[in-house]
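Open your viewer, get comfortable, and let us walk through this model one selection at a time.

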Amino acid sequence: MDDKELNLWREDGDGERAARFFAGLEADETVRERVRAKTRDLTQKPAAPRPVWKKMPRLRYIIAAAVLVLVCAALINLTRAPLESAVSNAYGGMAAGGAAEAPMAMAQADIAYEDTAAYDKDAGEARYGAENVAGAAGGGAVSPEEAPRADKIIYTLDAQLRVDNVAEAMRSLEARARELGGYVSGSRQNNQDYWQYGSLNLRVPATEFAAFADSLATWGTVTDKYIYSNDITEQYMDADSRLKSWQAQEDRYLEFFSAAETVEEMIMIENALNEVRREKESLAGQLKYWDSKLTYSEVNLELTQQRTDVAVTDPWQPVSFSRTLEAAKNAVIKTVSMAWNGFNGVVVLLGYALPVLIILLIAALVLRAWLRTKKARRQAAIAAALHPETPAETERPDAGADS
Amino acid sequence: MDSNLFGQIYDVLFPAVYRYIRLRVPAAETEDVTAEAMARIWKASGGFAGKSSLKTWALKITARHVAEYYRRRKQTTAPLGEEPALIPDGLNPAETVPDSLAIRNVFAGLPENQVAVIEFRLIEGLSARETAEVMAVTPQAVDSLLYRAKQNFRRAWEQETASV
């Protein structure tokens with residue numbers, strides 16, 4: 001208190017009076033201790049809630065196992081996704097008739113498809129049967145053999161077959177079509193690691209259509225068969241009669257043309273002739289197209305081949321007792337393979353994560369050291385403020401442990 | 001909690017903190033508010049960097065706490081008869097001599113910032129710079145305030161003693 005202003009207070013005793021006033025505000029020992037107790041109460045930190053994994057020690061193992069399984073599953077899915085996608089597409093194409101709408105893993109899809117096959121096959125035949133009945137009753141479509149000659153009906157067959165060997169089956173079907181007097185209008189074959197798929201567009205003589213449709217089972221299991229017909233009798237007759245009419249018209253114009261005397265007459269008749277010929281050619285083309293369709297029925301086949309490496313894909317549903325052992329063997333192979341893939345996935349994941357983990361660890365250590373230094377400095381500052389005469393370093397060796 | 005360090009900090013800071021609060025908070029709540037302020041100081045002690053003296057730093061926290069106390073009180077209805085007691089009743093009975101009553105009346109007539117500057121500079125022994133830090137003004141303003149406080153105190157004191 002060596003300031004000029006403070007000296008003023010001292011000189012006339014006002015400083016001492018002010019001190020007396022503030023001395024009257026001092027707390028006695030009882031108050032001091034009471035407030036100390038209250039302060040202690042307020043500074044007691046409420047016990048931090050124990051983490052769940054400490055309350056339930058087993059929970060950490062469960063969580064770790066769940067994470068491991070999830071990682072493995074994710075890795076397996078990642079590696080299998082492209083393959084399954086390809087297979088799904090194949091199924092999607094085949095399932096146009098509604099056989100397998102949502103292909104799952106290949107194993108399940110196989111079985112599911114097999115289950116629906118019987119239904120679809122029956123359904124196909126039922127539809128075919130219905131058509132026969134309807135045809136016999138005089139309305140709608142009938143089979144080519146039963147249709148009256150005058151009827152113009154186009155038959156089409158869409159079928160799906162599961163065969164042992166797609167390539168061989170395709171070759172055989174093509175040969176059969178040629179043997180019957182037909183031809184191959186389109187063919188596609190797709191070979192995947194676990195899947196083979198073929199698509200065949202055949203044209204067989206209408207007279208052989210029914211026999212060919214009935215013989216499909218020779219090449220494999222018919223999983224879907226759909227025969228449909230389009231009766232174009234009326235349109236065909238109409239076009240045919242119009243063609244004849246235009247033909248007659250052309251003949252008359254030709255007569256007029258021969259009898260024409262002036263150039264103007266000849267030009268006029270020639271224009272009319274051109275118009276008639278255009279109409280005639282259009283109708284002739286349409287009739288030719290129909291004739292082709294009527295002569296050669298369309299057969300669209302989709303062939304799939306089962307996996308050869310794992311014949312029984314769903315071990316829980318062995319198709320027969322003779323294949324139960326095979327299913328069990330495949331189940332063991334699958335489980336071992338899945339576990340091994342999962343382990344590999346975890347190792348690879350650790351490999352990816354290791355650099356990041358090392359960086360995080362170093363950062364955590366640096367941060368911890370920095371925080372400790374900062375805290376120690378602060379505590380030393382408090383200690384120095386409390387005891388200015390004592391070196392700060394010796395004040396509180398356990399600075400980082402409390403508060 | 002480090003009991004030893006807590007005890008040291010409490011013993012050093014309690015008188016100043018209690019005085020500050022006793023002068024500004026109704027008597028019934030002085031102890032609670034002091035305990036809250038001391039707890040706040042203890043919890044903040046980890047962040048004490050030694051840039052100012054411990055007392056300056058603690059009084060800044062205390063001043064902030066009292067300001068918050070009144071902010072909280074404003075939000076609720078203040079009970080009648082419990083208005084801020086800058087000059088509290090119930091002084092030490094030993095002080096109830098005529099001089100003490102006169103001093104009390106003198107302080108009651110001073111503006112709050114002049115009482116504060118007397119408290120910090122004369123009683124707590126803070127420098128002008130430290131007082132300025134606590135009061136959030138400049139050191140020059142502190143000197144000026146102290147000078148005016150002295151003039152007002154002297155004038156009021158002379159009036160009090162003349163009337164006696």
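## Stop 1: chain B as a whole

Begin with chain B: among its contacts (heavy atoms within 4.5 Å) between residues at least 6 apart in sequence, 66% join residues at least 24 apart. Before you go on, note that this is a predicted model, where local features need pLDDT of at least 70, side-chain atom pairs count only at pLDDT 80 or more, and totals for chains, interfaces and linings use all residues. Residues are numbered from 1 along each chain as its sequence is written, chains are lettered from A and ligands numbered from 1 in the order in which they are written, and side-chain values use heavy atoms, with hydrogens and water left out.

Now colour chain B by secondary structure. You should find seven helices and zero strands, giving the pattern α-α-α-α-α-α-α along the sequence. Helices here are DSSP runs of H or I with at least four residues, strands are runs of E with at least two, and both are numbered from the N terminus. Of the 164 residues in chain B, 49% count as buried. Buried means under 20% relative accessible area, exposed means over 50%, and partly exposed is in between (1.4 Å probe, protein chains only).

## Stop 2: two residues in chain B

Select B:A136, in the loop between α6 (128-135) and α7 (139-163) of chain B. Is B:A136 buried or exposed? With a relative accessible area of 69%, B:A136 is exposed. Check its backbone too: phi of B:A136 is near 60 degrees, a positive value in a residue other than glycine. For background, most residues other than glycine have a negative phi.

Next, move into helix α7 of chain B and pick B:R148. This residue is partly exposed, at 40% relative accessible area. Add B:Q114 to your selection: 34 residues separate B:R148 and B:Q114 in sequence, yet their C-alpha atoms are 7.7 Å apart in space.

## Stop 3: where the chains meet

Show both chains together. The contact takes 41 residues from chain A and 58 residues from chain B. Between them, the chains bury about 4,700 Å², with 67% of it on carbon and sulfur atoms. That buried area is the accessible area (1.4 Å probe) that the two parts lose on being put together, summed over both. Highlight A:W9, A:F21 and A:F22, which supply 15% of the area that chain A buries against chain B, more than any other three residues.

Now zoom in on A:D14 and B:K150. They form a salt bridge, with the closest N and O atoms 2.7 Å apart. The rule (a side-chain nitrogen of Lys or Arg within 4 Å of a carboxyl oxygen of Asp or Glu) finds ten salt bridges across this interface.

Which parts of chain A should you colour here? Try α1 (4-11), α2 (14-23), α3 (29-43) and α11 (324-386), each of which supplies at least two residues of the side that touches chain B. The most comes from α3(A), with ten residues.

## Stop 4: a strand in chain A

Finish with strand β5 (residues 296-305) of chain A, where eight of the ten residues are buried. Strands count as paired if DSSP finds at least two bridges between them. Strand β1 (residues 153-163) of chain A pairs with β5(A) in the parallel sense over eight bridges, and A:Q160 stands opposite A:E302 in β5(A). Strand β3 (residues 196-205) of chain A pairs with β5(A) in the antiparallel sense over ten bridges, and there A:Q196 stands opposite A:Q305.
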